[in-house]
Amino acid sequence: MTEKEFADIFRRLYLPLGMYAMRIVEDSDAAEDIVQNSFMKAWQSISDGTEIDNFKSFIYRSVRNGCISHLRGLREMADIDSIPDVTEESVDTSERDACIWRAIDALPERCREIFLMSKRDGLSNEEIAEELGLSEKTVKNQLTKAFCRLREALSTGHKPFFLPFL
């Protein structure tokens, strides 16, 4: 594998792997560190001449193992069986979540802020309007705009996309 191929894979899998690790360790900073360390170890192995047949499977397994090590270090893990194995479903879920977050990140700044305050933070339209010094109508309009853009971004080339948190 060339450096360019590795960089392409890194860009494609970094966010989905982060979402996968986040589900396990429930700490975004730790999840990010685990994913970065897994990629560094993978690159070292490749540089040392190790052949990796299925890189995607290899890196997901590496991240899972990193999550287990992290939890062991925190002494919060009662049983290793509590960590789910890497399955096609868990990979698909992490890739779907990454796709959703990319679409959210692509929203205009104010629209994204209002959307996250509503969906992530659970604030009402009235609370958002008060906090940001806007009218409730503006908040409603921005949320409508966010939903339209997200549906459009997430359904491109696919059947209509279901947003699980909406």
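**Helix α6 and its neighbours**

Let me begin in the middle of the chain, with helix α6, whose buried residues are covered by, among other parts, α5 (109-119) and α7 (136-155). Please keep in mind throughout that what you see above is a predicted model.

First, the setting. The protein chain has 7 helices and 0 strands, so that, read from the N terminus, its elements run α-α-α-α-α-α-α. Of its 166 residues, 35% count as buried, and among the contacts with a separation of 6 or more, 61% are between residues that lie 24 or more positions apart.

As for confidence, the mean pLDDT of the protein chain is 81, with 86% of the residues reaching 70 or more. Residues 158-166, however, have a pLDDT below 50, although in the model this stretch makes 17 contacts beyond near neighbours in sequence. Where pLDDT is low, the predicted coordinates should not be read in detail, and I will leave that stretch aside.

Now back to α6. Which residues of helix α6 are buried? In this helix, which spans residues 125-132, they are Ile128, Ala129 and Leu132, and because they cover an arc of only 100° around the axis, they sit on the same side of α6. The general background is that an α-helix has 3.6 residues a turn, so residues three or four places apart point the same way. On the face of α6 turned away from the buried side we find the exposed residues Glu126, Glu130 and Glu131. Just after the helix, Gly133 adopts a positive phi of about 70°.

Let me take the two neighbouring helices in turn, beginning with α7. The axes of α6 and α7 come within 8 Å and cross at roughly 110°, and the two helices are therefore roughly perpendicular to each other. The contact involves Asn125, Glu126, Ile128 and Ala129 on the α6 side, and Glu136, Val139, Lys140 and Leu143 on the α7 side. The crossing of α6 past α7 is right-handed.

With α5 the angle is about 135°, and the axes of α5 and α6 are 10 Å apart; these two helices are therefore oblique to each other. From α5, the residues making the contact are Arg110, Glu113, Ile114, Met117 and Ser118, and they meet Ile128, Glu131 and Leu132 of α6. This crossing of α5 and α6 is right-handed. You will notice that Ile128, one of the buried residues of α6, appears in the contact with α7 and also in the contact with α5.

Before I stop, I would like to point out two places towards the start of the chain. Where does Glu26 lie? Glu26 is in the loop between α1 (3-25) and α2 (28-47), and its phi is near 55°, a positive value in a residue other than glycine. For context, most residues other than glycine have a negative phi. Glu26 has a relative accessibility of 66% and so counts as exposed, the cut-off being over 50%.

The other place is Ser47, which belongs to helix α2 and, because its relative accessibility is 47%, counts as partly exposed. Although Ser47 and Met1 are 46 residues apart along the chain, their C-alpha atoms are separated by 8.9 Å.

Key:
Residues are numbered from 1 along each chain as its sequence is written. This is a predicted model: local features need pLDDT of at least 70, side-chain atom pairs count only at pLDDT 80 or more; totals for chains, interfaces and linings use all residues. Side-chain values use heavy atoms; hydrogens and water are left out. Buried means under 20% relative accessible area, exposed over 50%, partly exposed in between (1.4 Å probe, protein chains only). Helices (H or I, at least four residues) and strands (E, at least two) are DSSP runs, numbered from the N terminus. The arc is that of the directions from the helix axis to the C-beta atoms. Contact means heavy atoms within 4.5 Å. pLDDT is the predictor's confidence in each residue, from 0 to 100. Axes are lines fitted to C-alpha atoms, for helices over the stretch in contact, and angles run from 0 to 180 degrees between N-to-C directions. Angles under 35 degrees count as roughly parallel, over 145 as roughly antiparallel, 65 to 115 as roughly perpendicular and the rest as oblique. A crossing is left-handed if the near helix is turned anticlockwise from the far one by less than a right angle, and right-handed if clockwise.
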